[in-house]
Amino acid sequence: MNTQEKYKQYVNTAFVKAVEPIVVDRAQGATYTDEEGNTFLDCFAGISVANAGHGNARVIEAAKAQMDKLVHCCSYVYHVAPVADLAEKLAQITPGRLKKSFFGNGGAEAIEGAIRLARRYTGKFEAVALTQSFHGRSYATLSLTGNCGRKIGGGPYMPGVAFTPAPYCYRCPFKLHNPETCDMACAHYFEEVIRCHTANNVAFFIAEPVMGEGGIIAPPDNYFKIIKEICERHGILFIADEVQAGFGRTGKMFAIDHYGVEPDILVLAKGIADGFPLSCFIARDEVADAFQVGDHLSTFGGNPVSCAASLANIAFMEEENLPAKALEKGAWLRRALSEIPSGQVAIGEVRGKGLMVGIELVEDKKSKTPAAAQAGNIRAQLREKGILIGVGGGFGNVLRIQPPLTIGEEDLRRVVEAIKAVIAGN
Ligand SMILES: Cc1ncc(COP(=O)(O)O)c(C=O)c1O
């Protein structure tokens, strides 16, 4: 039995049923190689994980050195240096007073912990999240997810969650569309949601500073300032979910850095350790210390090998100036993509920050009818050309380009040319 057949027989994975998978043998930089030696340009980075490039020598070396010393002991009553060092480093590079980290393994687990902490700190239980959002596939995180496509087949979900409209200017729910003139109606509407859709017992507001699965939606510049001000007025904590947008992806180390706002809790995962499983939520002292003895623990959370890898990952990002490079490459990429003429499908909008780039496909620019089937086809055609991208958005019509931040300019040019050819029908 080969790998494909064994997967069909023995691995329970939902996506394999939808897309014929590539059997990856190895990866380096922004290139995957399959078992037959075919190579693919990776423009999705394992869903925004391998920000410092696949197989980053520095990260691998640090992990190997740690593996020789200690692989696991659990944070229960043991302390290890890589955990302490990483926590200190995160306190230095995250915004404002954020200081104490709790380490887990994946994004959903860290969001769950952040929910628990916010409830403990405020003594309240309700939540407000954004439409179009995605926060993971556990019970609580799906409950906070504002996209029925991700929630089908689950439920009933957690009570006490209200949704406020996403700052999705291209499809503005208020039909205002222009952030210069809209007076940030969507941000102010948050207060209306608190008033009309909650029992005024809101513990936290949660948002992705740049939305990923929702179709690469970057809120206007002053959006989070208004949100934070409303949070403060109502004693609500602001949880920033940077599981996908963090670690240089958007052109700054953290996406919330674009908005000049200090979240109460910041949640990190994916790009934190360039592929090693690790996540964390970080809060300022006063909030973090709301946990009582015995409140929270994760058996594998804060694995020493992952923490050592993360430290090397962050050092590499800083020394290579990776966030600034992502900002530059992303600006070039968005400009080049927005010059592509319509063909078998129209480009409604090219958007994003840094190397978190979305191309919203529509049947025509006037009706803005989402072109979901075409988005799937384009992804398949790009794969034929050896380029791997993601697809997302509430309507499944947004091409997502989120490559390793180390991707070369020549490779980015190749991506633009390939997308141009496919949209032209070649
Ligand atoms: C913004 C965001 N939050 C949370 C998650 C969940 O992370 P994980 O799949 O590691 O549980 C994801 C995953 O894509 C995400 O994009």
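The following exchange goes through a predicted model of one chain.

Colleague: How many helices and strands are there in the chain?
Modeller: The chain has 426 residues, half of which, 50%, are buried. Its secondary structure consists of 14 helices and 15 strands.

Colleague: What radius of gyration does the chain have, and what would a compact globule have?
Modeller: Along the principal axes, the C-alpha atoms fill a box of roughly 60 × 55 × 45 Å. For 426 residues, a compact globule would have a radius of gyration near 22 Å. The chain agrees with this, at 21 Å.

Colleague: Among contacts between residues at least 6 apart in sequence, what share joins residues at least 24 apart?
Modeller: Contact here takes C-beta atoms within 7 Å. Of the contacts between residues at least 6 apart, those joining residues at least 24 apart make up 73%.

Colleague: Which strands pair with β9, and which of them runs antiparallel to β9?
Modeller: Strand β8 (residues 237–242) runs parallel to β9 and is joined to β9 by four bridges; Asp241 stands opposite Val267 there. On strand β10 (residues 279–283), Ile282 stands opposite Leu266. Four bridges also join β9 to its antiparallel partner, β10.

Colleague: Which residues of β9 point the other way from Ile265 and Val267?
Modeller: Strand β9 covers residues 265–268, and Ile265, Leu266, Val267 and Leu268 are all buried. Ile265 and Val267 point one way, and pointing the other way are Leu266 and Leu268.

Colleague: Where does the largest nonpolar core lie with respect to domains 1 and 2?
Modeller: This core has 122 residues, and those touching the most other members include Ala114, Ile239, Ile265 and Val267. Helix α11 (residues 304–320) gives the largest share, nine residues. Domain 1 (3–55 + 321–423) and domain 2 (57–320) both contribute residues, so the core lies between them.

Colleague: Which residues is Ala114 in contact with, leaving aside its neighbours within four places in sequence?
Modeller: Ala114 is a buried residue of helix α5. In soluble globular proteins, nonpolar side chains tend to be buried together. With those neighbours set aside, the contacts of Ala114 are Ile239, Ile265, Val267 and Phe281.

Colleague: How many of the residues of α5 are buried?
Modeller: Helix α5 takes in residues 107–122, and its 16 residues should span 22 Å at 1.5 Å a residue; the end C-alpha atoms agree, being 22 Å apart. Among its buried residues are Gly107, Glu109, Ile111 and Tyr121. The helix is mostly covered, with a buried count of 12 of its 16 residues.

Colleague: Which residue follows α5, and what is its phi?
Modeller: Helix α5 covers residues 107–122. Next comes Gly123, with a positive phi, near 70 degrees.

Conventions: Residues numbered from 1 in each chain as written. Predicted model: local features only at pLDDT ≥ 70, side-chain atom pairs only at ≥ 80, totals over all residues. Helix = DSSP H or I, 4+ residues; strand = E, 2+ residues; numbered from the N terminus. Rg over C-alpha atoms; globule rule 2.2 N^0.38 Å. Buried ≥ 20, exposed ≤ 12 C-beta atoms within 10 Å, placed from the backbone. Contact = placed C-beta atoms within 7 Å. Pairing = 2+ DSSP bridges. Core = buried A, V, L, I, M, F, W, Y, C linked by C-beta atoms within 7 Å. Domains from an automatic or database assignment. Expected span 1.5 Å × (residues − 1).
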